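Dear colleague,

I am handing over the structure we spoke about, and I would be grateful if you could look through it with the notes below beside you. They follow the order in which I would go through it on screen.

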Amino acid sequence: MPDIIHLLPDSVANQIAAGEVVQRPASAVKELMENALDAGGSKIKLIVKDAGKTLIQVIDNGCGMSETDARMSFERHATSKIQKADDLFAIRTMGFRGEALASIAAIAQVELKTRRIGDDLGVQIDIEGSEIKRQETVSCAEGTSISVKNLFFNVPARRNFLKTDSVELRHIIDEFQRVCIPNPEIAFSFHHNNTEIFHLESGSLKQRLMGIFGSSYNSRLVPVEENTGIVKIKGFVIKPDFAKKTRGEQFFFLNKRFIKNGYLHHAVQSAFEQLLSKDSFASYFLMLDVDPKSIDINIHPTKTEVKFEDEKAIYAFLRSAVKKSLGQFNISPSLDFDQEAHLYNMPLKPVDGIYKQPTIKVDENYNPFKTEKKEIAERELSNKANWEKLYSRHVDNQLEFEIKKEEETQQTINTDWDNDLHESNKKSTYQLHNKYILTHIKTGFMVIDQQGAHERILYERILEGFEKHKSATQQELFPKTIELNTPDFELVKELQSEIQSMGFDISEFGKNTFVIHGVPADTSDYDSVKLLEGLLENYKQNLLELKSDKRENLARSMARNTAIKSGRGLSQEEMQNIIDELFACKMPYNTPSGKPTITTFSSDDLDKRFKK
Ligand code: ADP
Ligand code: MG
């Protein structure tokens with residue numbers, strides 16, 4: 001019998017390796033972006049067509065490659081990043097296995113253009129199914145551009161296995177974010193089908209997170225920082241009020257590499273302990289920095305799993321670092337000084353001229369993380385708590401120089417105060433220029449932006465509807481049809497279950513058309529077709545502004561579309577409802593997009609103006 005074992009040709013070996021390294025377009029995006037990072041440039045551009053099925057292109061302004069290196073880069077186990085086995089334990093680069101480009105070139109049509117910094121000319125190499133088709137000297141920009149076309153063109157089984165564009169795009173966005181977050185000093189952009197969906201300037205980590213997740217994150221992030229001999233921890237957790245019901249934003253980066261680690265996740269989740277309801281998850285963006293010697297990242301081809309030498313110690317440090325930050329934040333559970341400083345920027349000067357450190361005592365009945373459903377009674381409680389939040393500082397001053405009963409508990413005073421406020425403000429609510437609601441408070445007056453306030457109210461109501469999977473629907477007497485262009489039709493299909501949870505009753509009706517049978521209960525004044533169109537328009541706009549959470553985006557868009565506008569006259573009752581409902585909100589002080597809804601003026605300030 002003849003011997004039967006033979007070596008596989010490179011192209012086949014590469015294709016097999018590709019199965020591990022490149023599972024979907026997003027894996028190629030990850031590898032190419034990591035190479036661009038390793039090349040050390042300051043700017044990385046990602047261009048994608050059809051969710052990566054047609055084109056993935058990464059352009060960097062990094063070191064570039066010589067002609068020989070460019071050719072070598074497509075060989076398997078060809079890398080410039082390590083030389084000997086020992087180097088595996090000192091890795092600071094993203095890549096080191098030398099198999100990404102070989103794998104990608106085995107299953108796609110690749111065009112590489114690269115020029116070393118300082119060289120006059122660059123080189124272009126076209127390679128298809130591991131076969132070099134063209135190599136020539138070209139003039140091109142310094143740095144490297146790699147285009148990967150028609151991924152899996154020669155592996156139909158793989159290609160057919162790909163999910164819809166929206167799913168594949170989601171994966172690409174995930175990988176993109178995982179590369180961008182730990183590298184805020186590098187500028188990134190991401191174009192999909194000729195639309196720029198991310199544009200991230202170089203900046204701080206906080207700015208990077210806001211660039212990706214929206215400016216509302218400014219008030220949601222709590223910094224975490226801890227340096228121990230074993231690990232440096234740096235980053236942010238999201239305030240528990242904004243915890244998600246879905247495993248949303250959980251990012252660990254180990255030496256700038258995104259990793260998944262259930263054990264460390266547990267450390268963070270447990271640091272949140274009672275701050276989260278049972279069914280919600282902590283969100284975090286945490287950078288861990290350890291000596292590369294103490295970890296092994298070579299246990300999985302995609303390198304998202306890592307073995308630690310000191311896993312237990314890291315667990316303990318991480319947990320205590322997060323606890324410490326949350327503790328600091330807990331001292332003032334609802335006051336965010338970045339966002340709400342405007343409420344307090346008018347000093348309330350005590351008569352004796354001495355400021356008393358406000359001792360903000362939390363109403364124990366108010367628990368923003370309560371798991372039970374918000375029933376009416378609870379709404380009222382939280383309403384009260386919000387009033388207390390707004391006035392607790394004023395109350396403290398009041399306590400000092402007016403009431404002078406030091407032993408009184410804060411709780412009692414707050415309650416009296418609260419009643420007082422309600423009484424006085426019921427009697428004196430005015431509308432200014434059909435735009436602002438003006439209401440008297442004991443220490444002065446408060447101005448509420450009617451449109452912004454109503455947006456906040458609707459937004460929270462809609463989000464609550466999502467959680468309960470139900471909002472009231474009003475059936476249309478005469479159902480209407482809405483005809484959409486193909487992308488919008490696809491978008492509605494993708495969002496259909498969420499749109500229905502908001503109270504729309506819609507069903508598909510042939511090509512590019514939906515029938516609207518019902519609309520959310522208190523929107524019957526609106527033309528249902530216009531309403532849905534407005535919602536889509538706003539949703540898409542928000543997508544461009546990087547709002548990635550579907551529900552939040554829909555809630556924002558719907559609130560924006562249906563809120564009472566500036567310019568509309570309001571009755572006393574309507575104004576009172578807005579005030580009451582605003583203060584029953586979790587975050588009454590801002591619109592969903594982060595603009596203030598309320599501002600206060602103290603009578604001290606008025607006195608000053610009248611030179612009293
Ligand atoms: P690895 O990143 O593991 O070294 P790759 O197959 O991803 O392996 O890349 C092979 C080599 O090609 C790299 O080691 C690097 O020298 C070179 N290379 C790849 N992409 C770039 C790039 N964008 N700029 C400069 N050099 C690159
Ligand atoms: Mg690489």
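**A buried histidine and its helix**

His454 is buried, with a relative accessible area of 14%, which puts it below the 20% under which a residue counts as buried. Please keep in mind throughout that this is a predicted model. His454 belongs to helix α13, and, once residues up to four places away in sequence are set aside, it touches Thr562, Ala563 and Ile564.

The helix that carries His454 also packs against another one. Helix α13, which covers residues 450–468, and helix α17, which covers residues 572–583, have axes that come within 9 Å and cross at roughly 50°. That angle makes α13 oblique to α17, and the crossing of the two helices is left-handed. On the α13 side the contact is made by Ala453, Arg456, Ile457 and Arg461, while α17 contributes Ile578, Glu581 and Leu582. Sorted by class, the contact of α13 with α17 holds four nonpolar and three charged residues, with no polar ones.

**Strands around β13**

Which strand is largely enclosed by the rest of the structure? It is β13, residues 284–289, and the description applies because five of its six residues are buried. Two pairings of this strand are worth following in turn.

With strand β10, residues 232–238, β13 pairs in the antiparallel sense over six bridges. Within that pairing Gly235 stands opposite Leu286 of β13, and Lys232 stands opposite Asp289 of β13. With strand β11, residues 250–254, β13 runs parallel, and five bridges join the two; here Gln250 is found opposite Tyr284 of β13. As a reminder, strands of a sheet pair through backbone hydrogen bonds, either parallel or antiparallel, and β13 takes part in a parallel pairing with β11 as well as an antiparallel one with β10.

Strand β10 is itself mostly covered, five of its seven residues being buried. Besides its pairing with β13, β10 is joined to strand β9, residues 221–227, by seven bridges, and these two strands run antiparallel. Phe236 of β10 is the bridge partner of Pro223. Between β9 and β10 lie four residues, and the two strands form a hairpin.

**An open sheet of three strands**

Further along the chain there is an open sheet of three strands, ordered β19-β21-β20, in which the pairing is antiparallel. Its edge strands are β19 (473–483) and β20 (505–508), each of which pairs on one side only. Direction ignored, neighbouring strands of this sheet are turned by 15° against each other on average.

How many bridges join β19 to strand β21? There are seven, with β19 and β21 (residues 513–520) running antiparallel, and in β21 the bridge partner of Gln474 is Val519. Helix α14, residues 486–501, lies across β20 and β21, and it runs at about 145° to β20.

When you open the model, I would suggest beginning with His454 and its contacts to Thr562, Ala563 and Ile564, then turning to the contact between α13 and α17, and leaving the strands for last.

With best regards

Key: Residues numbered from 1 in each chain as written. Chains lettered and ligands numbered in written order. Predicted model: local features only at pLDDT ≥ 70, side-chain atom pairs only at ≥ 80, totals over all residues. Heavy atoms only, no water. Buried < 20%, exposed > 50% of the residue type's maximum accessible area, 1.4 Å probe, protein only. Pairing = 2+ DSSP bridges. Axes fitted to C-alpha atoms, helices over the stretch in contact; angles between N-to-C directions. Parallel < 35°, antiparallel > 145°, perpendicular 65-115°, else oblique. Left-handed = near helix turned anticlockwise from the far one by under 90°. Contact = heavy atoms within 4.5 Å. Nonpolar A, V, L, I, M, F, W, Y, C, P; charged D, E, K, R; others polar.
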